[in-house]
Each structure stands twice: as C-alpha cells, then as structure tokens.
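Here is a colleague's note to read beside the structure, written as numbered points. Please keep the sequence and the 3D view open while going through the points in turn.

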Number of protein chains: 2
Amino acid sequence: MEQVSANRSHGGTQGVYKHSSSATGTEMTFSVFVPDHAPGTKLPVLWYLSGLTCTHANVTEKGELRAACAQHGIIFVAPDTSPRGEGVADDPDGAYDFGLGAGFYVNATQEPFARHYRMRDYIEQDLPALIAEEFPVDMDRQGITGHSMGGHGALTIALRNPGRFKSTSAFSPIVAPMQCPWGHKALGGYLGPDRNAWAEYDACALIDNGARLPDLLVDQGEADNFLGEQLKTHLLQEACTRAGQPATIRMQPGYDHSYYFISTFMADHIAWHATRLKQ
Amino acid sequence: MEQVSANRSHGGTQGVYKHSSSATGTEMTFSVFVPDHAPGTKLPVLWYLSGLTCTHANVTEKGELRAACAQHGIIFVAPDTSPRGEGVADDPDGAYDFGLGAGFYVNATQEPFARHYRMRDYIEQDLPALIAEEFPVDMDRQGITGHSMGGHGALTIALRNPGRFKSTSAFSPIVAPMQCPWGHKALGGYLGPDRNAWAEYDACALIDNGARLPDLLVDQGEADNFLGEQLKTHLLQEACTRAGQPATIRMQPGYDHSYYFISTFMADHIAWHATRLKQ
C-alpha cells in the first residue's frame with residue numbers, strides 16, 4: 001500500500017492510498033479517514049460505497065463526513081467504483097452507467113469484463129484484508145453505507161454476509177436492479193442474460209429470498225430525478241413489509257440525488273451507525 | 001440575474017447564479033446559500049472570498065458551510081475570484097497566481113488588466129447591490145471572511161470600509177502582499193510599480209496607517225506550505241499588537257492550506273460571525 005496524500009482535518013487524518021488488488025488485477029485507489037485516538041485502541045469502521053461515475057474523491061471532498069466520524073470515533077473507508085487503467089474494458093459507447101466508474105459491486109462473468117470487474121471480491125475480501133492490516137480498525141465492529149449504485153452495493157453486500165456488519169444504511173439506493181434500466185444493462189452486461197445469476201445482486205430479491213438484517217436506514221430525496229425510473233424506493237419498502245424486515249425508509253421532500261443531499265444526512269447516518277457499532 | 005442551479009441542502013437552498021457585472025464588464029458567477037426562514041424576514045449575510053485558482057465552486061462544494069449557516073440563520077455568498085471570458089487578459093505565462101482566478105480584489109490600473117480586473121468594485125459595490133435586491137438579506141448585518149488571497153480580500157475590504165461589516169475573519173490570509181512574492185507580482189502587475197498605490201491593498205499597511213476593526217479572527221495552519229514565504233501570519237500579529245487592534249489569531253498544528261483545513265474551522269468561524277451579526 002502506498003500513501004498518495006494525507007491531510008489533517010477535523011482532528012484526524014484524511015488519507016488517500018493505492019494498492020495492487022489481487023481481486024481486480026489492477027491498481028486501486030481508496031480513501032480512509034482516521035480520527036485521533038488513544039495509541040493501541042482500535043476503532044469501528046464504516047464502509048461507504050460510491051455511485052455511478054464517482055471515485056473515492058467525491059465523498060471524500062463533498063461528503064461532510066469527518067466532523068461526525070471524529071465525534072463518534074469511527075474510521076471511514078471510501079473505495080473506488082470500478083477497476084481502472086490500461087487493459088480495463090469500458091462501455092463500448094463510453095456511457096456513464098456501465099464499465100469504468102460503474103462496477104456495480106459484482107463479479108463479472110462475461111467477456112471482456114470477467115478479468116478485472118470483480119468489485120464484489122474487492123469489497124468483500126481484498127480491501128477488508130488490507131484495511132485490517134494497515135489501519136487501527138476493529139473488524140468486529142463494521143458498518144456499511146453507500147449512495148445510489150453504492151447504496152445497492154451496501155444493501156446487497158450486507159444482506160449476503162449476515163452478521164458481518166452491525167449496521168447498514170443507504171442514500172438513494174438502487175433497490176432492485178432487476179427491475180430498472182441501469183440494473184438491466186449492468187447485470188446483463190456483467191453476468192449475461194440468465195436472470196438467476198442476477199438475484200444475488202438485487203436487495204429486494206435477496207430479502208424476498210430470505211436474507212435479513214437487524215435493521216436498515218435509507219434516506220431518499222423526493223425531488224431525485226432517478227427516483228421513478230431507476231431507484232424505485234417503494235419496492236424496498238414493499239419487500240421489507242412482506243418479509244417483516246425492520247427498516248427506516250425516509251422520503252426527504254425537496255432533496256435531489258446530489259452530494260447536497262448526501263451531505264445533509266451524512267451526520268445522521270454516521271450517528272445511526274455509531275449507536276450500533278458501539279454496542 | 002439568472003439562476004444556474006438550485007439544490008436543497010441542510011434545510012435551505014444552495015443556489016448558483018450569474019449576472020452581467022457593470023464593474024468587471026463581464027458575466028460573473030457566484031453562489032448563495034439561503035437557509036429556510038419565516039416569510040418576510042431578512043437574514044444576516046456572510047461574504048466568503050476565495051483564494052487563488054478558485055471559483056465560487058470550491059467553497060460551495062468543499063467548505064462544509066451549510067449546516068452552520070442553517071443553524072445560525074445566515075446567508076452565505078461566494079463570489080468568483082476574477083473576471084473571466086472572451087477578451088479578459090490572463091497571465092502571459094498562464095501562471096496560477098496572476099490573471100484568471102487571481103484578481104486579488106483590486107481595481108487594476110495597468111493595461112491590459114484595467115478594463116476588466118475591477119474586483120474591488122465588484123465585491124464592494126456591484127455584487128452587494130445585486131444581493132440586496134435579489135435575496136432576503138439584512139445589509140445592516142454583514143460579515144466577511146475568506147481564504148488565502150480571499151483572506152487578504154476580506155481583511156482589506158473590511159479595514160477600508162469601517163462600520164460596514166459587523167464581523168471579519170480569515171482562513172490562512174495573505175496578510176501583507178507588499179512583503180511577499182504573490183503580492184509583489186499581483187500588486188505590481190495590476191497597479192504598477194508605485195508602491196504608494198499598493199498600501200490600500202495590504203492589511204498590515206492599512207492597520208499601520210490607522211484602520212481599525214472591532215476585532216478579527218484568523219485561523220492559520222502550521223503545516224501550511226505557504227506560511228513562511230507568502231502568508232507570514234506573524235506580520236499581522238505584530239501589526240495588531242503595535243496598533244492595539246484586537247485580534248484572535250490561532251495557529252493550528254498539523255493543518256495545511258487546503259479545504260481539509262478550511263472545512264475543519266468553518267463552523268467555528270460561522271458561529272463567531274453569528275454572535276456578532278445577531279447583536
């Protein structure tokens with residue numbers, strides 16, 4: 001692991017790092033905020049998965065995460081959203097919703113993506129091993145959140161790994177990629193036409209198939225341009241109701257899909273995670 | 001005035017606007033955050049002047065200003081740092097510290113800059129008139145702050161306009177442009193070689209020449225790469241001591257010149273302004 005930058009901020013250190021990932025076969029960049037803490041102590045860790053077109057930088061610069069993480073003593077990790085670099089396939093038309101910046105947190109099985117697009121393994125295995133080794137994290141106290149495509153990632157990764165995360169939340173997540181155009185394109189492109197292979201990457205399908213979390217928190221802007229066609233928050237509400245899955249799903253009037261929305265509720269989410277991570 | 005964008009954030013509206021400026025003779029872009037407020041009420045306004053290379057966007061995206069402004073009921077205005085567009089002269093070598101993005105809040109007298117580089121008039125007259133007309137501001141309750149070149153702007157504009165601002169602060173300001181390379185280049189380039197013309201754009205010289213403020217707040221990172229050669233905070237401390245000018249100048253260990261530093265102390269500054277703006 002190599003340190004790209006380190007800046008003191010809010011009584012902690014905001015770092016950016018890169019490493020060679022065995023999962024993706026590429027160099028990957030990520031950011032970590034570590035609040036000041038007593039030597040030898042280990043802190044809970046909150047994973048934040050970003051949305052389409054983003055890198056680690058968007059939430060790191062615009063997320064307004066550090067004051068709350070410093071207050072609660074939580075380490076905040078922000079990975080990239082896809083493999084990048086020479087030899088990494090992209091959308092043939094360069095679209096924003098597939099390929100670079102749009103890994104959808106899956107292990108691709110279709111060519112030419114299967115070689116590098118292994119973001120599920122990267123987030124579930126490769127990066128956690130590195131974080132556990134290099135940072136003062138208590139891996140028994142992990143939380144996960146994310147935005148949009150990253151909200152989809154947070155929900156599906158938590159649902160597939162019961163007990164691993166003490167807390168799960170999301171900002172404007174894609175709740176049912178099997179039922180929206182972004183999801184059809186991504187899951188079809190990375191996994192092929194067999195929809196049976198898609199279901200483990202769909203939060204609503206996972207809940208319908210029996211996966212459960214202790215609870216979950218979702219904030220969704222009512223003025224979000226993607227709400228009706230892509231995000232479909234009501235499908236998650238309905239799946240949770242059917243399954244008896246505890247869920248706090250809050251519709252926020254006037255808010256859109258941007259970091260102006262995310263940053264508004266970031267401190268709320270961090271406090272919600274902190275309550276569960278400190279138990 | 002034309003609205004470029006509006007996003008709901010932290011219980012208010014973050015807008016970006018553009019207008020045709022009579023001061024600069026160009027189209028100018030700026031941002032304004034307006035917290036929700038009772039109809040018909042007017043709110044105090046805090047001006048934030050940005051540093052070299054910045055536009056309104058840097059502080060708007062990375063400044064972590066909105067939670068505190070919403071809490072205290074303060075309107076936050078962030079102008080651009082220079083005229084821009086067709087026919088606006090730039091540094092002949094395209095350097096970052098002169099010309100575009102580096103107006104230094106002066107009225108230029110030297111060609112080819114005299115035509116458009118009138119950022120003093122823009123910030124002191126043109127934009128305030130527009131803001132007073134278009135937004136629910138109480139112009140009897142104004143505060144001013146800024147970063148680096150913008151800290152220089154905030155200090156000098158407040159010192160030259162006694163009574164106009166109830167509160168003045170700065171983040172890592174250039175305190176004495178007459179005594180640093182950035183200042184020599186900018187004041188020489190915009191105003192010519194006569195140093196008598198420079199003194200009204202130098203906070204330390206203004207204080208030495210009798211200008212006073214009720215008090216002022218400055219935060220400066222000790223790990224700021226520009227501290228020794230360009231910012232020279234000690235010169236402001238010495239000028240204030242000589243003059244009996246009340247000043248709270250805080251050196252912050254480990255912090256650098258970036259928005260990671262600014263965002264850390266933004267809420268502190270806004271609270272400091274709020275105390276004075278609500279009297």
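In which strand of chain B is the place of E27(B)?

1. The model is a predicted one, and that should be kept in mind throughout. As for the question just asked, E27(B) belongs to strand 3 of chain B, which covers residues 27–35. Leaving aside residues up to four places away in sequence, E27(B) touches K18(B), H19(B), S20(B) and R84(B). A further pairing can be followed in the 3D view, since E27(B) and G85(B) stand 58 residues apart in sequence, while their C-alpha atoms are 7.7 Å apart in space.

2. The relation between the two chains can be stated plainly: a turn of 180°, with a shift of 0.0 Å along the axis, lays chain B on chain A with an RMSD of 0.0 Å. This is the relation of a two-fold axis. Within chain B, the C-alpha nearest that axis belongs to K62(B), and it lies 2.6 Å from the axis. Both copies use the same surface, because 100% of the contact residues of chain B recur in chain A.

3. The extent of the interface can be described in two ways, by residues and by area. Counted by residues, 20 residues of chain B are in contact with 20 residues of chain A. Expressed as area, about 1,800 Å² is buried between chain B and chain A, and carbon and sulfur atoms give 45% of that area. Of the area that chain B buries against chain A, 37% is supplied by R8(B), E64(B) and Y260(B), which is more than any other three residues supply.

4. The interface also holds pairs of polar and charged groups. The rule finds four salt bridges across the interface of chain B and chain A. A salt bridge is formed by K62(A) with E61(B), where the closest N and O atoms are 3.9 Å apart, which fits the cut-off of 4 Å. In addition, 16 residue pairs are found in polar contact across the interface of chain B and chain A, both residues of each pair being at pLDDT 80 or more.

5. Which elements give two or more residues to the side of chain B that touches chain A? They are strand 1 (2–9), helix 1 (56–62) and helix 9 (259–277) of chain B. Helix 9 of chain B gives the most to this side, with four residues. Sorted by class, the side of chain B that touches chain A has four nonpolar, ten polar and six charged residues.

6. A record adds an annotation that should be read with some care. In an unreviewed entry, UniProt lists S148(A), D224(A) and H257(A) under "active site". These residues are spread over 110 residues of sequence, yet they cluster in space, with a largest C-alpha distance of 10.8 Å. One of them, S148(A), lies in the loop between strand 6 (137–146) and helix 4 (149–160) of chain A.

7. Some details of the backbone deserve a look in the 3D view. In chain A, E111(A) and P112(A) are joined by a cis peptide bond with an omega of about 5°, and P112(A) is found in the loop between strand 5 (75–79) and helix 3 (119–134) of chain A. In chain B, a cis peptide bond with an omega of about 5° joins E111(B) and P112(B), and P112(B) lies in the loop between strand 5 (75–79) and helix 3 (119–134) of chain B. F104(A), although it is not a glycine, has a positive phi of about 55°, and its place is in the loop between strand 5 and helix 3 of chain A.

How values were computed:
Residues are numbered from 1 along each chain as its sequence is written. Chains are lettered from A and ligands numbered from 1 in the order in which they are written. This is a predicted model: local features need pLDDT of at least 70, side-chain atom pairs count only at pLDDT 80 or more; totals for chains, interfaces and linings use all residues. Side-chain values use heavy atoms; hydrogens and water are left out. Copies are superposed by least squares on the C-alpha atoms of residues with pLDDT of at least 70 in both. Contact means heavy atoms within 4.5 Å. Buried area is the accessible area (1.4 Å probe) that two parts lose on being put together, summed over both. A salt bridge is a side-chain nitrogen of Lys or Arg within 4 Å of a carboxyl oxygen of Asp or Glu. A polar contact is a pair of N or O atoms within 3.5 Å; within protein, one must be able to donate a hydrogen and the other to accept it, and residues adjacent in sequence count only if both atoms are side-chain atoms. Ala, Val, Leu, Ile, Met, Phe, Trp, Tyr, Cys and Pro count as nonpolar, Asp, Glu, Lys and Arg as charged, and the others, Gly among them, as polar. UniProt positions are given in the numbering used here, feature names are shortened, and annotations may be inferred rather than shown by experiment.
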